[in-house]
Amino acid sequence: MPPTERARDGKTHQLRLMYFGWVGVGAHIENSPPGFLRLAGHPLRWRLLRELGRSDRRVAELCELAGRRQSLVSYHLRQLREGGLVSLRRSDADGRDTYYLLDVERCGARLADAGGALHPALAPATSPPRRRTAGATTARALFLCTGNSARSQMAEALCERLSGGAVRAASAGSHPKPLHPNAVRVMRNRGIDISGRRSKHLGELAGRRFDYVISLCDRVREVCPDFPGAPELIHWSIPDPAREPGPDEETRPAFQRTAAELETRIGFLITAIERTNTQEGASTHV
């Protein structure tokens, strides 16, 4: 075979390998599955990821849900933390406790990468949850924090905006305080005006029915009353930006971070609600 043809054949062979994601360092075929699959593929770690996908949890709660001893659960949680899929936060209610959180965005990206490593056609275009257009109300969600002055007010407004009104949102607090100026400013920068909203005690809503009750504060989780209709209880351990020391101008970045985290979590929550309602509708039809 002439040198030109051999070179052409060699290049074609390399392109084929690259196309199927098989060329690694030194053009050796990579046989090990991606790190995400090795982490998530363990039955107990998968169970922990599934539970944290529903709600932030303390380690004792995860042990009870998984039916495993704490030393074993803690070991696998450490593996998930080192892999970047799970993080933890110190509880605001009890400094001896910590809450574990699932990084849903990172899990989604890693899962997409794993699909692309198997075959490029399995690598979907990754993007954040899209904003919904207006439609019929599909669910009722209540967001709770201590003061109802920042986190829950921002969550209520973001849920309404991101769902296009498909999710009817409300908010309240265990010890209501006036609306924080930085919460108003940060939401105004996102095109949402919450200046006319008032803080409410959660007792005002105790008799109302909700499909989802989301506590955003470790303290309010401990005093959350029972709501009629057995709503799904979800906890997001989000620090209170109003507790940041300093004048309003210096603490505004904390409110911006809170709004960004809420927007991400609520986007995924709305997607989950939509898929749940779609599945329930299909089951009813059948």
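Which residue with a positive phi follows H7? Gly 164 does, with a phi near 65 degrees. The model described here is predicted.

**Overall make-up**

The protein chain contains 10 helices and seven strands. Of its 286 residues, 40% are buried. Among contacts with a separation of 6 or more, 66% join residues 24 or more positions apart. The exposed surface of the protein chain comes to about 16000 Å², with carbon and sulfur atoms supplying 51% of it.

**The sheet**

An open sheet is built from four strands in the order E5-E4-E6-E7, with parallel pairing. E5 and E7 are the edge strands, each pairing on one side only. From one strand to the next, the twist averages 20 degrees. E4 and E6 run parallel and are joined by four bridges; Ala 141 has Tyr 212 of E6 as its bridge partner.

**Helix H7**

H7 lies across E4 and E5, and runs at about 175 degrees to E5. The helix has 12 residues, which at 1.5 Å a residue should span 16 Å; the end C-alpha atoms are 16 Å apart, so the expected and modelled values agree. H7 is mostly covered, with 10 of its 12 residues buried. The buried residues include Arg 151, Gln 153 and Glu 156 as well as Met 154, Leu 158 and Leu 162.

**Nonpolar cores**

In soluble globular proteins, nonpolar side chains tend to be buried together. The largest nonpolar core here has 44 residues, and the members touching the most others are Phe 143, Ile 214, Leu 216, Trp 236, Leu 262 and Ile 266. The elements below are among those that each supply at least two residues of this core.

| Element | Residue range |
|---|---|
| Strand E4 | 139-145 |
| Helix H7 | 151-162 |
| Strand E5 | 167-173 |
| Helix H8 | 181-189 |
| Strand E6 | 212-215 |
| Helix H10 | 248-285 |

H10 gives the most to this core, with seven residues.

Leu 216 shows how separate parts of the chain meet. Leaving aside neighbours within four places in sequence, Leu 216 is in contact with Phe 143, Leu 144 and Cys 145, and also with Arg 151, Ser 152 and Ala 155. Its other contacts are Trp 236, Ser 237, Ile 238 and Leu 262.

A second core, separate from the largest one, has 19 residues. Leu 39, Leu 44, Val 73 and Tyr 100 are among its members.

Key: Residues numbered from 1 in each chain as written. Predicted model: local features only at pLDDT ≥ 70, side-chain atom pairs only at ≥ 80, totals over all residues. Heavy atoms only, no water. Core = buried A, V, L, I, M, F, W, Y, C linked by side-chain atoms within 4.5 Å. Buried < 20%, exposed > 50% of the residue type's maximum accessible area, 1.4 Å probe, protein only. Contact = heavy atoms within 4.5 Å. Pairing = 2+ DSSP bridges. Axes fitted to C-alpha atoms, helices over the stretch in contact; angles between N-to-C directions. Areas by Shrake-Rupley, 256 points an atom, 1.4 Å probe, with all protein chains shown as cover. Expected span 1.5 Å × (residues − 1).
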